[in-house]
Amino acid sequence: MRVIGIDPGTRLCGWGIVERNGSRLTHVAHGTFRLGTGELADRLVSLERELTAVLVAYTPEAGSIESMFFAKNAQSALKLAHARGVAMMVLRRAGLVIAEYPPARVKSAVVGSGQADKNQVGRVVSMMLGLSDLPQEDAADALAVAITHTSALSFAAALKRS
């Protein structure tokens with residue numbers, strides 16, 4: 001099962017793709033869309049275009065995205081919601097089923113603690129996938145989201161078999 005994870009944002013948006021074959025987890029690709037600081041509508045168009053290109057290039061079978069968390073700044077939360085909406089639209093348009101995971105669940109699934117910091121997430125993701133370099137923070141978070149979803153799918157499949 002090949003899964004894409006998305007860490008949405010309107011300036012930086014991380015993405016990561018992993019593949020699980022049985023208990024083996026493999027890194028496929030990852031990156032960060034640098035959407036700049038121009039008008040929000042233009043950044044969202046860039047996000048749609050770049051994410052579509054990644055889906056065409058790597059053909060994931062499922063999508064996962066980090067869900068909203070509590071935000072003190074309403075404007076930031078609204079902008080993040082726009083980016084999540086575009087990402088979800090692109091994933092669904094590609095025919096993918098989309099799973100959403102809150103940041104604390106992703107951190108807990110990957111690091112073992114819902115309070116882990118971004119550096120810890122990056123280091124553990126890098127170790128799990130055998131990467132020689134630490135991914136950029138947004139890409140590491142996206143890979144963690146994808147890993148979380150592959151684990152959830154494996155657990156659901158195991159329950160179904162039993």
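**View 1. Salt bridges in the predicted model.** Four salt bridges are counted in this predicted structure. Three of them are visited in the views that follow, each with its partners and their exposure.

**View 2. Arg2 and Glu19, a link between strands β1 and β2.** Let us begin with the side chains of Arg2 and Glu19, which form a salt bridge at 2.8 Å, N to O. Arg2 belongs to strand β1, while Glu19 sits in strand β2 (residues 12-21), and the two residues are 17 apart, so distant parts of the chain are joined here. Glu19 has a relative accessibility of 21% and therefore counts as partly exposed.

**View 3. Glu48 and Arg93, a link between helices α1 and α2.** Here the side chains of Glu48 and Arg93 meet in a salt bridge of 3.4 Å, N to O. Glu48 comes from helix α1 (residues 40-58) and Arg93 from helix α2 (residues 74-93); with their positions 45 residues apart, this pair also links distant parts of the chain. How exposed is each partner, Glu48 and Arg93? Glu48 is partly exposed, at 24% relative accessible area, whereas Arg93 is exposed, at 57%.

**View 4. Arg84 and Glu100, a link between helix α2 and strand β5.** Take a look at the side chains of Arg84 and Glu100, which meet in a salt bridge at 2.3 Å, N to O. Because Arg84 lies in helix α2 and Glu100 in strand β5, the pair ties together parts 16 residues apart in sequence. Is Arg84 buried or exposed? Arg84 is buried, with a relative accessible area of 9%. Its partner Glu100, at 40% relative accessibility, is partly exposed.

**View 5. Strand β4, mostly covered.** Now zoom in on strand β4 (residues 62-66), where five of the five residues are buried. Which residues point which way from β4? Ala62, Ser64 and Glu66 point one way, Gly63 and Ile65 point the other way, and all are buried.

**View 6. The strands that pair with β4.** Strand β4 has parallel pairing with strand β1 (residues 2-7), over four bridges. Within this pairing, Val3 has Ala62 of β4 as its bridge partner. Strand β4 also pairs with strand β5 (residues 98-101), again in the parallel sense and over four bridges. In that pairing, Ser64 stands opposite Ala99 of β5. The views connect nicely at this point: β1 also carries Arg2 of the salt bridge to Glu19, and β5 carries Glu100, the partner of Arg84.

Notes
Residues numbered from 1 in each chain as written. Predicted model: local features only at pLDDT ≥ 70, side-chain atom pairs only at ≥ 80, totals over all residues. Heavy atoms only, no water. Buried < 20%, exposed > 50% of the residue type's maximum accessible area, 1.4 Å probe, protein only. Pairing = 2+ DSSP bridges.
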